[in-house]
Each structure stands twice: as C-alpha cells, then as structure tokens.
Amino acid sequence: MDVRIDPSWKSHLSTEFAEDYFIDLAQFVKTEYQSQRCFPPGKEIFAAFDHSPFDKTKIVIIGQDPYHGPGQAHGLCFSVRDGIPFPPSLINIFKEVASDMHVPYPQSGNLERWAKQGVLLLNATLTVRAHQAGSHQGKGWERFTDAVISTLSTEKKGIVFLLWGGYAKKKASLINADKHHILTSGHPSPLSANRGLWFGNTHFSKTNEILSQNGSTGIDW
C-alpha cells in the first residue's frame, strides 16, 4: 500500500507509518486489493486527509466502516459520489441539516464540500471487502485512526468532535475535553434515528456557534 497522504498529515503521522502494526496492515491491504474486490479505490483510501489538511481541520466526524456497495465509498465517511443514491444514514444526516440550518435538503451526497472547509470525515476502518461489512476490522486500521484522533487532540485545540452512535462515543476517551468540544448523539442510521436518538440534535448549528465563538468561520453545511 502506497501511503499517498497530504504532506501536512504525513509529518504528524510518520511515526505510525514506521510501526510494525502499520507495516503489517499495509501488507494485508495490498493483498486484499490484489485478491478481492475492495472499497474505496486504492488511491482514495486516505482521501479524508487529502481533502482536510491537518492545519485546516477544525471538525471531526467519526464513522465506522466504508460503504461496501459498488461505487459508494470514496474515502470520506457517510459520503457518496454524485449520481449514487443516498444511503439511509446520509438521508437522515441531510434531513437534520435541512431542519437544523433551515436550508434546502442537499442535492449532492458528495461531502467533499464539507471536507474542504475543514471537516475531517474519518472512518475508523479505512477499507472493506465488497459486500462484507466489517471485513477489514481488527487488522490495524483502528489503531491508526485512534492515533489520528489522539494526535489532533494533543497538537491542536478548539476542534469540534461529532460522535454519533455508541461506537463513535467510545472515541471520547482519546480526546482532551478541556481543549476541545465534544458533541454526542445517537447514530443517523434508521434504527437509531427512528428511536428518537438522532433527529433534533442540532449538531450542525451548534458546531457553527462554537466555531463563531472561537473566532472561526462556520461551515456551509
């Protein structure tokens, strides 16, 4: 696996790339991509970092696995390319954006527009086999992405971390709450949203209020 990642991140994560676990992970991913159909495309594995450089990252949204259907995953959690039907969680995210921000329901499921404003759309596991959810869990990705969260917590301040659902909430232990802002809610998946754990969390307006209070520009959600 060729680690094609924005230079701003490479300088902060270089020690991780040299660790034995990451070398083993890279070999696993290389073998999987050679022998199986995997997502996202190899050149987009680190797309979240490329679209949101370290110095510009001011919000982190944590997902779990990439989408495992054809054409869906492109390296940003919850995001799909234009022309791809919106997955259920993204539909509920957009419903909350429209309600919370009093804006029209977004027409594009491609969240590169968020990433370019400083939103790191980070899946805990960065690759997956086609049609096999969770197939690349426990291979080292979680250790790497935990290191990403810890590095942001240690080396930056004032980041807004959006932790949606039980899995993401566990990442709060990696974040210094005295330096950063943590907003939690249920997951936007239908199972959680239909139980009243997602809608009305107003995370998008709250995030912009925090950014404004810190003298930073809000996100055009």
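**Backbone exceptions, core and overall form of the predicted chain**

With a relative accessibility of 71%, His102 counts as exposed, because exposure is assigned over 50%. In this predicted model, His102 lies in the loop between helix 4 and helix 5. Its backbone is also notable: phi of His102 is near 55°, a positive value in a residue other than glycine. Most residues other than glycine have a negative phi, and most peptide bonds are trans.

A second positive phi, about 70°, is found at Phe78, which is likewise not a glycine. Phe78 is placed in the loop between strand 2 and helix 4. Its relative accessibility is 10%, and Phe78 therefore counts as buried, the limit being under 20%. The peptide bond between Phe39 and Pro40 is cis, with omega at about -5°. Pro40 belongs to the loop that runs between strand 1 (38–39) and helix 3 (47–51).

Phe78 is also among the contacts of Ile61. Beyond neighbours within four places in sequence, Ile61 is in contact with Cys77, Phe78, Trp114, Val119, Leu120, Leu121, Leu122, Leu162 and Trp164. The largest nonpolar core comprises 60 residues, of which Phe49, Ile61, Trp114 and Phe144 touch the most other members.

Helix 9 (residues 203–213) contributes a series of buried positions, namely His203, Phe204, Ser205, Thr207, Asn208, Ile210 and Leu211. The elements covering these buried residues include strand 2 (59–63), strand 5 (160–164) and strand 6 (181–185), together with helix 4 (88–101) and helix 5 (112–115). After helix 9 comes Gly215, with a positive phi near 80°.

At the level of the whole protein chain, the secondary structure consists of nine helices and six strands. The radius of gyration is 17 Å, and this agrees with a compact globule, because a globule of 221 residues would have a value near 17 Å. The C-alpha trace spans about 45 × 35 × 25 Å along its principal axes. Of the 221 residues, 53% are buried. Among contacts with a separation of 6 or more, 65% are made by residues 24 or more positions apart.

The accessible surface of the protein chain amounts to about 10000 Å², and carbon and sulfur atoms account for 50% of this area. The chain carries 22 positive and 21 negative charges, and the mean positions of the two sets lie 3 Å apart.

Methods
Residues are numbered from 1 along each chain as its sequence is written. This is a predicted model: local features need pLDDT of at least 70, side-chain atom pairs count only at pLDDT 80 or more; totals for chains, interfaces and linings use all residues. Side-chain values use heavy atoms; hydrogens and water are left out. Buried means under 20% relative accessible area, exposed over 50%, partly exposed in between (1.4 Å probe, protein chains only). Helices (H or I, at least four residues) and strands (E, at least two) are DSSP runs, numbered from the N terminus. Contact means heavy atoms within 4.5 Å. The radius of gyration is taken over C-alpha atoms; the globule rule is 2.2 Å times the number of residues to the power 0.38. Accessible areas come from the Shrake-Rupley method with a 1.4 Å probe; for residues, only the protein chains shown count as cover. Lys and Arg count as positive and Asp and Glu as negative; His and the chain ends are not counted. The place of a charge is taken as NZ of Lys, CZ of Arg, CG of Asp or CD of Glu. A nonpolar core is a set of buried Ala, Val, Leu, Ile, Met, Phe, Trp, Tyr and Cys residues joined through side-chain atoms within 4.5 Å.
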